[in-house]
Structures are given as structure tokens and as C-alpha cells.
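Here is a short report on a protein with a bound ligand. Please keep the model open while reading.

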Amino acid sequence: MTLLEKRIALVTGGSLGIGKATVLALASEGADVAFTYLGFRKHQAEANEVVGSVKGLGRRCLAIESDVSGFKEAEDVVRHVMAELGGLHILVNNAGITRDGVVWKMEEEEWDTVIDVNLKGCFNYIRAVSPVFRQQKHGNIINIASINGMRGKFGQANYAASKAGVIGLTKTIAKELGRYNVNVNVIAPGMIETDMTEQLTDEVKQQARSEIVLGRFGKPEDVAGLIVYLVSEKAQFITGEVIKIDGGQYI
Ligand SMILES: NC(=O)c1ccc[n+]([C@@H]2O[C@H](COP(=O)([O-])OP(=O)(O)OC[C@H]3O[C@@H](n4cnc5c(N)ncnc54)[C@H](OP(=O)(O)O)[C@@H]3O)[C@@H](O)[C@H]2O)c1
């Protein structure tokens, strides 16, 4: 018996990294999965590969090109998933970006884009699934923040603010949707090996590694495993929590 049989999940940013590992982990546990990605043909091959892997596991899969920062687009995606897959039980707000720079050099566009994708993107999808989850009196929402939203990080004013916002948003939504049997939690990863961290300089990576008590970066599958647990029946008394997964980087 798999953990997520008869469940339907939607993951934002599922073509790469943590999102991709999450799509595959949910499908491995029996869920049908839809995922979004930004697209513009940048990671089309990767998205197709994820769809192929999910179908190879015997589950249904939908890949949808859509920018999470669009309010109406999020509503369209949720409607599309409901029509094609016949329901929705799990939302993972994973899509996120960085545009790093010290605050005195940060452009308005770098601030706005990061807030729009990382914070407004979560709101857009929570807003879009709320009527569905309220009506069916069941649902699980996982938002991906970062330890840098809890502790701050030099050069990441926009990113840290967006992720701190995700934590406040999550706690509020947990209070608002709890009475409808909807669990809402945040995962705050530390350094995970993905394209996002690959772009960092060797110096930044080395400095991060020195902070991590386990002495290594995590893998996307580490985060995906935690997500599977949190949305499974085993964890349905957990809501409004912020769970760090960082090898002890921020203790
Ligand atoms: N990696 C880490 O160490 C780390 C640490 C803490 C928190 N996080 C958080 O974990 C999440 C995933 O990070 P990652 O490292 O896996 O990132 P990643 O490898 O860069 O993948 C990002 C994913 O998000 C999608 N995406 C980007 N902008 C989007 C938009 N506007 N609309 C829709 N989709 C969009 C990308 O789609 P395309 O393929 O089409 O570009 C891709 O699927 C992010 O929220 C990040 O902030 C990561």
C-alpha cells in the first residue's frame, strides 16, 4: 500500500531541482501529479523527462507552462488540473528564484521580481485552491521557504524578505483553513544541490559548507521525502509549522 493512493497533487516549479524530486516522490507514493514550470522553452526537455518518469511509474502527469506570479494564470492552472485529473488534494508551492545583490545596488526590478515569484506566487496558488479545499473539507499545502527567511542573509534582502513573508503567510493560512481540515506547513531548506546553488561561487559554497554541521549540502530528494511525509496521513496533526531541513546550518 502506497502512502498517497488516490491523491492528486500540484507542484509549482516541477521541471528541476527540489520541485522535480517532489513530483517524482509524490508519484512514487501513488499520487497523480500536475506541475508548472516557467518554460519559455528553457527547460522543455527537462519537463518532458519528468512527465515521462511519472508516467513510467504508472501515474498520470500534467506539465503546464505558467508563471506563478500571475494571479489569473494560477486560477487557470487550478481549473485545468481539476478538469484534467478530476480533483486536487495537495499543493506544493515550490517555484522560487534568486536575484542576489547588496541592498545599495539592488534594482527595483530585482526586488519586485523576487517578491512576485516567491511570495505573491504562493498567495496566488493558495488563493486559487482555497475554494476547492474548503468545499471538500480536506487539503494539504506545503510552501517552500528557506532558512535565509528566518535568519537573513547578506546579499539577499529581496529573497530573505520573500521567504520570511512565506512563513507569515503560511501561519495565517493555517489559522484560516484549519477549520476546513486543511493543513498548511512551511519547509525551510538550507543548501540543497540544485541549479540554484550551482550558480554560486566556490567561495560562497565553501563558506556555506563550513556552517553546516553535517558538513555537506542536502539533495533534492531529502526535501521531497519530508514533503511526502507531511502530506501523508502520518502527519495530519501538524499544521502552521516551519520545518528546517538544513543539515544543522542554522541552529
Ligand atoms: N536549492 C537550495 O539550496 C534552496 C535552499 C532554500 C530554499 N530553496 C527554495 O526551494 C525552491 C526550489 O529551488 P530549486 O533550488 O529546486 O530551484 P531550481 O533548481 O532553480 O528550479 C526552480 C523551478 O522553479 C521554476 N520557476 C522559476 N520561476 C518560475 C516562475 N516565475 N513561474 C513558474 N515556475 C518558475 C523553474 O522552472 P523553469 O525550469 O521553467 O525555469 C524550475 O522548475 C525555491 O523556492 C527555492 O527558493 C532552495
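The report covers the ligand site, the cysteines, some selected residues and two backbone angles.

This is a predicted model: local features need pLDDT of at least 70, side-chain atom pairs count only at pLDDT 80 or more, and totals for chains, interfaces and linings use all residues. Residues are numbered from 1 along each chain as its sequence is written, and side-chain values use heavy atoms, with hydrogens and water left out.

## The ligand site

The ligand has 31 residues around it. Ser15, His43, Asn94, Tyr159 and Thr194 come nearest. A residue is counted as near if one of its heavy atoms lies within 4 Å of the molecule. The shell divides into 15 nonpolar, 13 polar and 3 charged residues. In this scheme Ala, Val, Leu, Ile, Met, Phe, Trp, Tyr, Cys and Pro are nonpolar, Asp, Glu, Lys and Arg are charged, and the others, Gly among them, are polar.

Which helices supply at least two residues each of the shell? They are helix 1 (17-28), helix 6 (157-177) and helix 7 (195-198). Helix 7 gives the most, with 3 residues. Helices (H or I, at least four residues) and strands (E, at least two) are DSSP runs, numbered from the N terminus.

Three backbone contacts to ligand oxygen atoms are tabulated here. A polar contact is a pair of N or O atoms within 3.5 Å; within protein, one must be able to donate a hydrogen and the other to accept it, and residues adjacent in sequence count only if both atoms are side-chain atoms.

| Residue (backbone N or O atom) | Distance to a ligand oxygen |
|---|---|
| Glycine 39 | 2.8 Å |
| Asparagine 94 | 2.7 Å |
| Isoleucine 192 | 2.8 Å |

Taken alone, the ligand exposes 900 Å², and the protein buries 95% of that. Accessible areas come from the Shrake-Rupley method with a 1.4 Å probe; for residues, only the protein chains shown count as cover.

## Cysteines

How many disulfides does a search of the whole structure find? The result is 0. The cut-off is a pair of cysteine sulfur atoms within 2.5 Å. Cysteine 61 is buried, at 9% relative accessible area. Cysteine 122 is buried too, at 3%. Buried means under 20% relative accessible area, exposed over 50%, and partly exposed in between (1.4 Å probe, protein chains only).

## Two buried polar residues

Asparagine 185 sits in strand 6 (residues 182-189). Its relative accessible area is 1%, so asparagine 185 counts as buried. A polar atom of its side chain lies 3.0 Å from the backbone oxygen of isoleucine 238. The side chain of asparagine 185 also reaches the backbone nitrogen of glycine 240, at 3.2 Å. Contacts here mean heavy atoms within 4.5 Å. Not counting residues up to four places away in sequence, asparagine 185 touches residues including Ile141, Asn143, Thr170 and Glu241.

Serine 146 belongs to the loop between strand 5 and helix 5 (148-151). Serine 146 is buried because its relative accessible area is 5%. Its side chain reaches the backbone nitrogen of asparagine 148 at 2.9 Å. Beyond four places in sequence, serine 146 touches Tyr159, Lys163, Ile187, Ala188 and Pro189.

## Two partly exposed loop residues

Leucine 38 is in the loop between strand 2 (32-37) and helix 2 (44-56). Is leucine 38 buried, exposed or partly exposed? Its relative accessibility is 45%, so leucine 38 counts as partly exposed. Leucine 38 and glycine 14 are 24 residues apart in sequence, with 9.4 Å from C-alpha to C-alpha. Leaving aside neighbours within four places in sequence, leucine 38 contacts Glu65, Ser66 and Asp67.

Arginine 60 lies in the loop between helix 2 and strand 3 (61-65). Arginine 60 is partly exposed, at 38% relative accessibility. Valine 33 is 27 residues away from arginine 60 in sequence but 6.4 Å away in space, C-alpha to C-alpha. A polar side-chain atom of arginine 60 lies 3.0 Å from the backbone oxygen of leucine 85. With neighbours within four places in sequence left aside, the contacts of arginine 60 include Ile8, Asp32, Val54 and Glu84.

## Positive phi angles

Lysine 6 is not a glycine, yet its phi is near 65°. Lysine 6 lies in the segment before strand 1 (8-11). At 72% relative accessibility, lysine 6 is exposed. Lysine 137, also not a glycine, has a positive phi of about 55°. Lysine 137 is in the loop between helix 4 (108-136) and strand 5 (139-144).
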